[in-house]
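Here are a few notes on how one helix sits between its neighbours. Have the model open while you read.

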Amino acid sequence: GDEKQEDMNKERDRLEAILFGNSPPPKEMDLSLENWEEQINNPPPLSSIGRERVTSEIMLLETLSYSDDAVGVLWNLWYNSRGPEAAKQLADIDLLTSMGP
């Protein structure tokens, strides 16, 4: 009945978010900088979309050794792939670093 329809709608919304690249990080994922060592040592498993994004990110990062052309694309990738809270943190960091010493 209604409960089954609601479950299907939630699942559809979740899958659309994954497909369109705007899915928020799982609730249990800690994105704080306080836990960075744990995050590096125990990354979550990647989906095929996640692997594709990481591969693209690596290729773009490699181009930085000879050109700054990929900087805008990398910012866009980072802003869109980590969710709104991480995007806000990146924007704050960018603002602070642009202010200089």
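1. Start with helix α4, residues 71–81, where the buried residues are Leu74, Leu77 and Ser81. Looking down the axis of α4, these buried residues fall within an arc of 60°, so they line one face of the helix. Keep in mind that this is a predicted model.

2. What do the buried residues of α4 pack against? Their partner is α3, residues 48–63. The α3 side of the contact is made by Arg53, Glu57, Leu60 and Leu61, which meet Val73, Leu74, Leu77, Trp78 and Ser81 in α4. Sorted by class, the contact of α3 with α4 has six nonpolar residues, one polar and two charged.

3. Now the geometry of that pair. The α3 and α4 axes come within 10 Å and cross at roughly 155°. Anything over 145 degrees counts as roughly antiparallel, and α3 and α4 are therefore roughly antiparallel to each other. As for handedness, α3 passes α4 in a left-handed crossing.

4. Glu57 deserves a look of its own. Is this α3 residue buried or exposed? Glu57 counts as buried because its relative accessibility is 16%, and the cut-off for buried is under 20%. Setting aside neighbours within four places in sequence, Glu57 is in contact with Leu74, Leu77, Trp78 and Arg82. Of these partners, Leu74 and Leu77 are also among the buried residues of α4.

5. Moving on along the chain, Gly83 comes just after α4 and takes a positive phi of about 95°. Helix α5 then covers residues 84–98.

6. How do α4 and α5 pack, in angle and axis distance? The angle is about 140° and the axes are 8 Å apart. With roughly antiparallel reserved for angles over 145 degrees, α4 and α5 are therefore oblique to each other.

7. In the contact of α4 with α5, Trp75, Trp78 and Tyr79 of α4 meet Ala87, Leu90, Ala91 and Asp94 of α5. By class, these residues divide into six nonpolar, no polar and one charged. Trp78 is worth picking out in the viewer: this residue takes part in the contact with α5 and also in the contact with α3.

8. To pull the threads together: α4 has its buried residues on one face, and those residues pack against α3. The α3 and α4 pair is roughly antiparallel, whereas α4 and α5 are oblique.

Definitions and conventions:
Residues are numbered from 1 along each chain as its sequence is written. This is a predicted model: local features need pLDDT of at least 70, side-chain atom pairs count only at pLDDT 80 or more; totals for chains, interfaces and linings use all residues. Side-chain values use heavy atoms; hydrogens and water are left out. Buried means under 20% relative accessible area, exposed over 50%, partly exposed in between (1.4 Å probe, protein chains only). Helices (H or I, at least four residues) and strands (E, at least two) are DSSP runs, numbered from the N terminus. The arc is that of the directions from the helix axis to the C-beta atoms. Contact means heavy atoms within 4.5 Å. Axes are lines fitted to C-alpha atoms, for helices over the stretch in contact, and angles run from 0 to 180 degrees between N-to-C directions. Angles under 35 degrees count as roughly parallel, over 145 as roughly antiparallel, 65 to 115 as roughly perpendicular and the rest as oblique. A crossing is left-handed if the near helix is turned anticlockwise from the far one by less than a right angle, and right-handed if clockwise. Ala, Val, Leu, Ile, Met, Phe, Trp, Tyr, Cys and Pro count as nonpolar, Asp, Glu, Lys and Arg as charged, and the others, Gly among them, as polar.
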